[in-house]
Amino acid sequence: MRADVITIFPDYFAPLELSLVGKARAMGVLDLQVHDLRTWTSDVHRTVDDTPYGGGPGMVMRPEPWGQALEAVGDGTLIVPSPVGKPFTQADAYEIAGLDHLIFACGRYEGIDQRVIDEAAARMPVREISLGDYVLFGGEVAVIVIMEAVTRLLPGVLGNASSLDEESHAAGLLEAPVYTKPASWRDREVPEILRSGDHGKIARWRRDQSLLRTAARRPDMMASYPRESLDKADRKALDEGGFRITPPAVAE
Ligand code: ADE
């Protein structure tokens, strides 16, 4: 995968040289280039912003440097982090991980002149993505988050690919709690069942924990979990945990 990041703060992206994203780059799975938007300014002050048409607070990023920057990096899928974008999910991470060329446009101030996005959308797919319902100073941190979520899905990056199937959000449920050695720590014991060696019971326990956590913490996720994927044992666990799950409608 190739990823071009256009920003006025190239230094923000130092974390993407570390850890597994750094390893993916070193392995050649990810070719990530960070570009300074000011490269494409032509005035002595290297200006990238101006006051908004129609008035209002703050500044808006001017279209000219963006137009040139996007031409320089070529076409792909343009990703624009923005609080007005679609909320980022694991499903988006999987979709993006399947793309060949990502271009990230990091907006600052009140955002980028809309014509830049409209013009780009006429020749390539554009995704405006929000990290959540809050406002950041700019898109840089969002790009780091998106790239981290995406890079771990690229082939060969995670040693144990099966860990992807079971993790939180992949299956529409939150993951069960995890434990390691020692078995007893500060008078707190690892649940007996996890030390039993009974794989059937362990799987059941994890499934129950997963359902109860999701029902308690993320009623929204539980509500969209397919009812037909809940078997009798699942319903029993939820029922005993005090969660009422409506049974699927019986076909007439
Ligand atoms: N830029 C500013 N706020 C943002 C958010 N919540 N998500 C993505 N990009 C942003």
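Where in the chain does arginine 46 lie? I went to this residue at the start, and found arginine 46 in the loop between β2 and β3 (49-50). Its backbone caught my eye: arginine 46 has a positive phi of about 55° although it is not a glycine. A reminder to myself before going on: this is a predicted model.

**Entry: the other backbone oddity**

I then looked up the peptide bond from lysine 181 to proline 182, and I find it cis, with omega near 5°. Proline 182 sits in the loop between α6 (163-166) and β8 (184-185).

**Entry: the sheet**

Next I traced the strands. I get an open sheet of five strands, in the order β2-β1-β6-β5-β7, and the pairing is parallel. Which strands stand at the edges? I find β2 (31-36) and β7 (126-130) there; each has a single partner strand, so one side of each is left without a neighbour in the sheet. From one strand to the next I note an average twist of 30°.

I went through the pairings one by one:

- I see β1 (residues 2-7) running parallel to β6 (residues 101-105), with five bridges joining them. Here alanine 3 stands opposite leucine 102 in β6.
- I count three bridges between β5 and β6, again in the parallel sense. My marker for this pair is isoleucine 79, whose bridge partner in β6 is phenylalanine 104.
- I find β5 joined to β7 by six bridges, and these two strands run parallel. Proline 81 has isoleucine 129 as its bridge partner in β7.

**Entry: helices on the sheet**

What does α3 lie across? I see this helix over β5 (77-87), β6 and β7, and it runs at about 145° to β7. Helix α4 (residues 114-121) also packs on the sheet; I find it touching β5 and β7, with a direction that makes about 135° with that of β7.

**Entry: α3 against α5**

I turned to how α3 (residues 90-97) meets α5 (residues 140-151). Their axes are 8 Å apart and the packing angle is about 70°. With 65 to 115 degrees counting as roughly perpendicular, I write the two helices down as roughly perpendicular to each other. Which residues make the contact? From α3 I list Ala93, Ile96 and Ala97, and from α5 Ile146, Ala149 and Val150. By type, I note six nonpolar residues, no polar and no charged ones in this contact.

**Entry: around the ligand**

Last, I looked at the ligand's surroundings. I list Pro81, Ser82, Pro83, Ile129, Ser130, Leu131, Gly132, Tyr134, Val135, Leu136, Gly138 and Ala142 around it. Two of these names I had already met in the sheet, as proline 81 and isoleucine 129 are the bridge partners noted for β5 and β7.

How far from a nitrogen atom of the ligand is the backbone N or O atom of leucine 131? I read 2.9 Å. For serine 82, a polar backbone atom is 3.1 Å from a nitrogen atom of the ligand. For glycine 132, I have a backbone N or O atom 3.2 Å from a ligand nitrogen atom.

Methods: Residues are numbered from 1 along each chain as its sequence is written. This is a predicted model: local features need pLDDT of at least 70, side-chain atom pairs count only at pLDDT 80 or more; totals for chains, interfaces and linings use all residues. Side-chain values use heavy atoms; hydrogens and water are left out. Axes are lines fitted to C-alpha atoms, for helices over the stretch in contact, and angles run from 0 to 180 degrees between N-to-C directions. Helices (H or I, at least four residues) and strands (E, at least two) are DSSP runs, numbered from the N terminus. Angles under 35 degrees count as roughly parallel, over 145 as roughly antiparallel, 65 to 115 as roughly perpendicular and the rest as oblique. Contact means heavy atoms within 4.5 Å. Ala, Val, Leu, Ile, Met, Phe, Trp, Tyr, Cys and Pro count as nonpolar, Asp, Glu, Lys and Arg as charged, and the others, Gly among them, as polar. Two strands pair if DSSP finds at least two bridges between them. A residue is near a molecule or strand if one of its heavy atoms lies within 4 Å of it. A polar contact is a pair of N or O atoms within 3.5 Å; within protein, one must be able to donate a hydrogen and the other to accept it, and residues adjacent in sequence count only if both atoms are side-chain atoms.
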